Amino acid sequence: MNAGVSAKGDLHWLTVADAAAAIAANTLSPVDLMKALLARIERLDPRLNAFIRLDAETALAAARVAEVEAAAGRLRGPLHGVPVGIKDIIDVAGLPTTAHSKILDGKVATADAVCVTKLRQAGAIVVGKLSTHEFAIGGPSFDLPWPPARNPWNTDHHPGGSSSGSGSGVAAGLFPMALGTDTGGSVRNPASCCGIVGLKPTYGLVSRRGVFPLAFTLDHVGPMTRTVADNALMLACIAGHDPLDSGSAAAPAGHYAAALERDVRGLRVGFVRHFHETDVPADPEVTAGLEHVAHSLQMAGAELKDIRLPALGEFGAVNRIILQSEAWAIHGPWLRSRPGDYGQLARRRLMAGAFMSSGDYLQASRRRKEMIALVETALSEVDVLLCASSMDPACRIDISADVERTYPRQARTPFNVTGHPALAMMSGLSSGGLPLSVQFVGRYFDEATVFQVARAWEKASGTDKKHPPIV
Amino acid sequence: MDKATMETLARRAGLDKALAEFPDDVAAAAKQAADVAAKMKAPTDPAAEPWPPMRAGDDL
């Protein structure tokens, strides 16, 4: 543990790994950590709106139990006593799952989602439920029962979505880790906007049971943290086969941190330049950031190679057709009977599925298989792909035209379509002081190599030491 | 998509209430669907199968 950090009272910037190690060594009290974070939440969350529901008393009680257990040497697991925030489409027993919407009528979850169960088994303490775009699709919206989350780097700006509260809260030091979900980029978008590390794992690696679905064949649960090592640690705790999730992969959980500190000499990195150069031309600062990451990896010994994949517009169309068709199957009954209980953005986006034909859906699903083969071919030539995540820094949250313009300017949907693991993190800061982003993509179930490359960039750039100036 | 076609499809989908209360949102949804479908390329192989692959279940 970095004792200097905690001695200065900066417990809120402790990493998951450092906090867990200090708790295990009885040099940090889980109660002190929780109290420090609750005080920060009380001070900052009125400006950030990361929480839909803070569960402070339960969290503090759990921290007291964790303290007694740690003192007795009875550690539950590698996250013992470490607080975690949960996106509010994921069930936590005893708390309502709202999906940031009126529609679910505050229905209280009777059981934890599998990913939450696994976090608790590892010793993590749930601190509360976090803002999302309505049903993980409609936002940022100002016509819902709760306000949208805001970006801690500049609260006038969007924190990305749909795992908005997760991104905002991790970046602001309200909690060191959070769960998000990603159907069209919803872990990686807030990671990009808020300058943290967000992973969409391989499709099926993390159980979706107990998570309100958006689109069955595109939904992923993913870890959101401030460091790459923490992300690997969190993934190790939530990954694994779930026989009761029909989309769960049979592959065994891997050793995700195995290559974290290994250098990248000889690693083949495929740079997908056309995504941000011609498909959706990026902001020049984003382009410069990507070139800087590529150059840095090359200087560290990686072999760089240009890779071509189908155009972003086509990936986006396939993603949207599948997503909106599957989402319509879920939301159709409510949209027929209670359209006014949705916010306008969710209503518009979810109703689009009513106008898609079975032919559209099947053609998209057939094209999807061809796209998977093309990405697989690329990943047989290189070990990992490097590409853009967001094409712009976060826009202002209150200018809907800017949100509409920038939202689709991204390169995340390809890997929901194909199911490959994809990690977004900071590439640097814009001249306006907002995070810029980069994305690394790996072979199926090879999250370890994705983390290896991400960690190499993190070490070279110090992105894990860059925090928003909010106080 | 013209207005009459949009309204026919909306009613067929059971969106009468939305059509009455939020006609602009229904029209916007229809336009989104048409725009996105137009951007998709057909599979190159006429025999291409969809993803996820069809699998026999344990109960067959």
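**Note on the two-chain model**

1. A:Ser162 sits in the loop between strand 3 and helix 6 of chain A. The model is a predicted one, and this loop is a good place to begin reading the backbone. A cis peptide bond joins A:Gly161 to A:Ser162, with omega at about 15 degrees. Another cis peptide bond joins A:Gly139 and A:Pro140, where omega is about 0 degrees. A:Pro140 belongs to the loop that runs between strand 3 (125-130) and helix 6 (164-172) of chain A. For background, most peptide bonds are trans, and most residues other than glycine have a negative phi.

2. The phi angles of this loop deserve a look as well. A:Phe135 is not a glycine, yet its phi is positive, about 50 degrees. A:Phe135 lies between strand 3 and helix 6 of chain A, in the loop. A:Ala136, also found in the loop between strand 3 and helix 6 of chain A, has a positive phi of about 65 degrees although it is not a glycine.

3. Are A:Phe135 and A:Ala136 buried or exposed? With 20 or more other C-beta atoms within 10 Å as the cut-off for burial, A:Phe135 is buried because it has 27 other C-beta atoms within 10 Å. A:Ala136 has 30 C-beta neighbours inside 10 Å and so counts as buried.

4. The loop leads into helix 6 of chain A, which is mostly covered: nine of its nine residues are buried. Among them are A:Ser164, A:Gly165, A:Ser166 and A:Gly167. The buried residues of this helix also include A:Ser168, A:Gly169, A:Val170, A:Ala171 and A:Ala172. A:Gly173 comes just after helix 6 of chain A and takes a positive phi of about 75 degrees.

5. Strand pairing next. Strand 7 (residues 268-271) of chain A pairs with strand 8 (residues 303-306) of chain A in the parallel sense, over four bridges. Within this pair, A:Arg268 has A:Glu303 in strand 8 of chain A as its bridge partner. Strand 7 of chain A is also joined by three bridges to strand 9 (residues 384-387) of chain A, and these two run parallel. Here A:Gly270 stands opposite A:Leu385 of strand 9 of chain A.

6. Helix 16 (residues 447-461) of chain A passes a simple length check. At 1.5 Å a residue, its 15 residues should span 21 Å, and its end C-alpha atoms are 21 Å apart, which agrees. Eleven of the 15 residues are buried, so helix 16 of chain A is largely enclosed by the rest of the structure. The buried set includes A:Val450, A:Phe451, A:Val453 and A:Trp457, and also the charged A:Glu447 and A:Glu458. A:Gly462 follows helix 16 of chain A and has a positive phi, near 70 degrees.

7. One residue of this helix can be followed further. A:Arg455 lies in helix 16 of chain A and is buried, with 25 other C-beta atoms within 10 Å. Which residues does A:Arg455 contact, leaving aside its neighbours within four places in sequence? They are A:Val228, A:Ala229, A:Leu260 and A:Glu261. A:Gly138 is not a spatial neighbour: A:Arg455 and A:Gly138 are 33 Å apart in space, C-alpha to C-alpha, and 317 residues apart in sequence.

8. Chain B has three helices and zero strands, and from the N terminus on its elements run α-α-α. The radius of gyration of chain B is 17 Å, whereas a compact globule of 60 residues would have one near 10 Å. The C-alpha trace of chain B spans about 45 × 35 × 15 Å along its principal axes. Of the 60 residues of chain B, 25% count as buried.

9. Last, the contact between the chains. It takes 31 residues from chain A and 30 residues from chain B. On the side of chain A that touches chain B, the elements that give two or more residues are helix 11 (312-337), helix 12 (344-351) and helix 13 (358-381) of chain A. Helix 13 of chain A supplies the largest share of that side, eleven residues. By class, the side of chain A that touches chain B has 13 nonpolar, seven polar and eleven charged residues.

Technical notes: Residues numbered from 1 in each chain as written. Chains lettered and ligands numbered in written order. Predicted model: local features only at pLDDT ≥ 70, side-chain atom pairs only at ≥ 80, totals over all residues. Contact = placed C-beta atoms within 7 Å. Rg over C-alpha atoms; globule rule 2.2 N^0.38 Å. Buried ≥ 20, exposed ≤ 12 C-beta atoms within 10 Å, placed from the backbone. Expected span 1.5 Å × (residues − 1). Pairing = 2+ DSSP bridges.
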